[in-house]
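Here's a quick note to read alongside the model. Have the sequence and the 3D view open as you go.

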Amino acid sequence: MQPDLSDDSLDDSAGIPRQRAALRSVPDSGQAGDGSEDPLRLGRRMRLRLLAAVQALLADSSIAGLKDAPRLAAVVLYAKSRAPQGRENDLLTSIWVAELGRWMGVGESTVDRNVLAPMRKSNALHTEVVRDARGHPTGLKCLVMPLWNAHHGGGAGHPLALTAAELATLLRLCEALFGHGWAPKDKAPTPPGLLAARKGRGAATDRLGLLLMVLNTGSSGWLQLRGGSVKKREGRGAATMARLLGCSPAGGRKVLARLTEAGVAARGRKGTGTGMDGKGRIMVLPVARAYGRDLTVVEDAQGSESVFSARPAGAGGDLAPAVEAGALGASGESEAETVSEAGIPARPAGAELHTVHASVVTPVVPPQLDCGFSGEGREAEGRRPERVCVREDQAVDGETDTSGTGLPVAEGGPLRGEKPKESSDDERAGQRAAGAGAGGRQQAVGGGKAQQQRVGLPADLGLRVALGPVSWLWARLSGWQQDQVVAAAKAELSHLAGLGVAAERAPRLLADRLTGRLEETGGEALIKKPFGWLIGRGLVRRPSCSDRRCDDGTRLDTGGECGNCDNVVHIRRARRARTAAEIDRDLPGLGGEERRRVLEERLREHAAGEAGDLVRRQEQARAEKARRAAVRTADQERAEDERAAAAAAETVRQALACEDCGQQQAGGLCEACGYRRRTEALVVEAGMVAATWSADLADQADVDAVTADVRASLAADIERARRAFLDSAPSGELDADPIGAAAVLAFGALRAVEAALPEFRSSALGRLARTEEADAEARRAFKTEQGRRWFRHNPNGADAVAAATKAADTARERAAEYLLATRLKQLREQGAARTEQAVAVPWTDRLPELAARQLDADMSGAVIA
């Protein structure tokens, strides 16, 4: 048996569902008072009854597989339904799509696409759009099918068969938790719920989770957590939330974190006799406030992802107070490090704590070297680089005598500096440490201009990580060169981000690239021109194939080997093998050296041919691009010409006089005459509609008489509208703008006819529905529906008669609409055959007639003025 969505409680004439008879304002759960009226203050029996009903609804087969938004919508519609009072239509819920979206914190499009459509598809919800007399939608009637099945198959003992008081309690609870608030006229306003401001993605999940948490929380305010073993990383609270929502523990942890951040839940621990923290637990703060519980026992949960823990006072080792802020692995002294032992209840007195270290520490700044030499710590022979040895063993007075501590490796090297005057850059590099002040400003050397020297790496963390491998080269650059390197590094980081590399991985990839380039070069000491090396070799990408994500055979986005490079190598090897086989087939007697020469020659010819093909394809691509650009330019010019022509034509048309009244600059038809033409067409249409049932269509005189009566009736309506406007409008306004007044009067006549036309059509359909043809169609539909195979056992039963009556009414309405359309078509054809389309008389020929027409008293004053 299919449910009937017709509801007597909907006023179809008004098109607006009637509100509930009694709506009590929900008091704020946080306000002062005894809390007796607080909707969150549920008795144990009521709470368990509502919990069983919500769980049974969400466990229904038609709802269990849906997402959280449709599940929350089912709960809201269920709470807004009425307990049956002997009628099946009592189970219906009247709502608007926008209102349902506000209940869930989403928009109308989301409700239509992600809520109503899946629920209809799974047979969880039946809906019917309520329309007014004009056919405009004014509401939505909803029937939750699990509720229907519970009342028609489960009996009074079904969990979903709640009483009216229980449903009202559930609705008040939903309003207090996530209702959007109401301000009814002449009634106390209903404040928004606790999560009313939570909207957008995940809002429905959070609201449903809060509702289930409240229903699973007793008067103590502590949520009943699930038992058994749970994942240590997620915790028992996340496992409980996952069981309530039917999601993964990770998802439950996220929902619980959002609810904690929203201030409706808080984590705490049970106290123990030893002072250690006990088992974790979760308090639902709105329920605790409703019962007046003490909230001071609740402690905010610390994030599980923190690297450093609080250091108790007196702890030794690397937690001693002597640790300096800024050292590797230490973040400086904080509030957690200054607390006393008495402030840490989780540790008994005298117990030693373990130092909590970060699992992985990646130094972003190269460690400071002991002696200040840039070659220290490198994978070499333990000596200093040659360039650092420049003039280190020379006397202070500038003489060329060397001390006995000179290194043999630097004596014959080209970088020893026997001719220091040949390169001013080398001289400035050697004097940079002495010329730099405490503020990092380079002093003028050899009469040159002073420059701002930044010895350390840039302050940006990403740039410090990326340029860390070349920090020694960075110190050898001038201020302008450092700016250029920074710009190049930023451009390369932006390029990596455009290739799909995560922002946090891009600096490390660039650092790995610089490290690889340094290994190819042999180290920083062998780089004579740091700026040129960084700009032209170190920072640039070297693709080994045509893939933009390739860099020296490595995929930048994944970090693995480039598959396209492997394809290129495979193609080249296949080409080489094929060419060798052709040589063996064509020239079988060649020796090894000659065969290799011929093979290389043919491979070069093949490479030259591919290069020529590439050049040809590039030329074709450029020609095609130029052709498309030319076509696009021509299309733009043509469109511009068409717009100019249309504008000129519109200008000419606007200069034309009105065809009916001769008003200048009216575009061929003024506003008032346009309204009059539309009014005349509607008057003719109304006359034909009335003639379809009240006149003999074969008798043209009878049709004309009916049309004349309709025209007289509409003329009376037009006159009443005209008199109402003239009585309400100030006389001075009509005298000031007679053309505008005529347009307003014509528009008022059009609105009067438009308002009367639906009444004529409704009357015609009602009369045609009682004709013999409509009665015959209704009888046939009644018999056909009564003879269905599922009604054959009892064709005269109540169900069979109701279905047959509904089918007969539908057939009668369709027959009336068909008769109306057929007869209107016949009348139009008769009118076209009887007279041709009247040619409009030019206004110049109508001027004598218009001049002889008598004006009434209302318009004569406007004309004289």
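The points below go through the cores, one loop residue and some ring contacts.

1. A word on ground rules: this is a predicted model, where local features need pLDDT of at least 70, side-chain atom pairs count only at pLDDT 80 or more, and totals for chains, interfaces and linings use all residues. Numbering starts from 1 along each chain as its sequence is written, and side-chain values use heavy atoms, with hydrogens and water left out.

2. Start with the largest nonpolar core, which has 71 residues (a set of buried Ala, Val, Leu, Ile, Met, Phe, Trp, Tyr and Cys residues joined through side-chain atoms within 4.5 Å; buried means under 20% relative accessible area, with a 1.4 Å probe and protein chains only). Helix H3 (residues 68-80) gives the largest share of this core, nine residues (helices are DSSP runs of H or I, at least four residues, numbered from the N terminus). Apart from this core lies another of 26 residues, including Trp474 and Leu556.

3. Now look at Asn216, in the loop between helix H8 (203-215) and helix H9 (236-245). Asn216 counts as buried, at 12% relative accessibility. Among the residues Asn216 touches are Arg47, Gln55 and Leu244 (contact means heavy atoms within 4.5 Å).

4. For rings, try Trp480 and Phe531, a tilted aromatic pair at 5.7 Å centre to centre and 50° between the planes (centres within 6.5 Å; planes under 30 degrees apart are stacked, over 60 edge-to-face, the rest tilted). Trp480 lies in helix H16 and Phe531 in helix H18, so the pair ties together parts 51 residues apart in sequence.

Technical notes: Buried means under 20% relative accessible area, exposed over 50%, partly exposed in between (1.4 Å probe, protein chains only). Helices (H or I, at least four residues) and strands (E, at least two) are DSSP runs, numbered from the N terminus. Rings of Phe, Tyr and Trp (its six-membered ring) pair if their centres lie within 6.5 Å; planes under 30 degrees apart count as stacked, over 60 as edge-to-face and the rest as tilted. Lists of a residue's contacts leave out its neighbours within four places in sequence.
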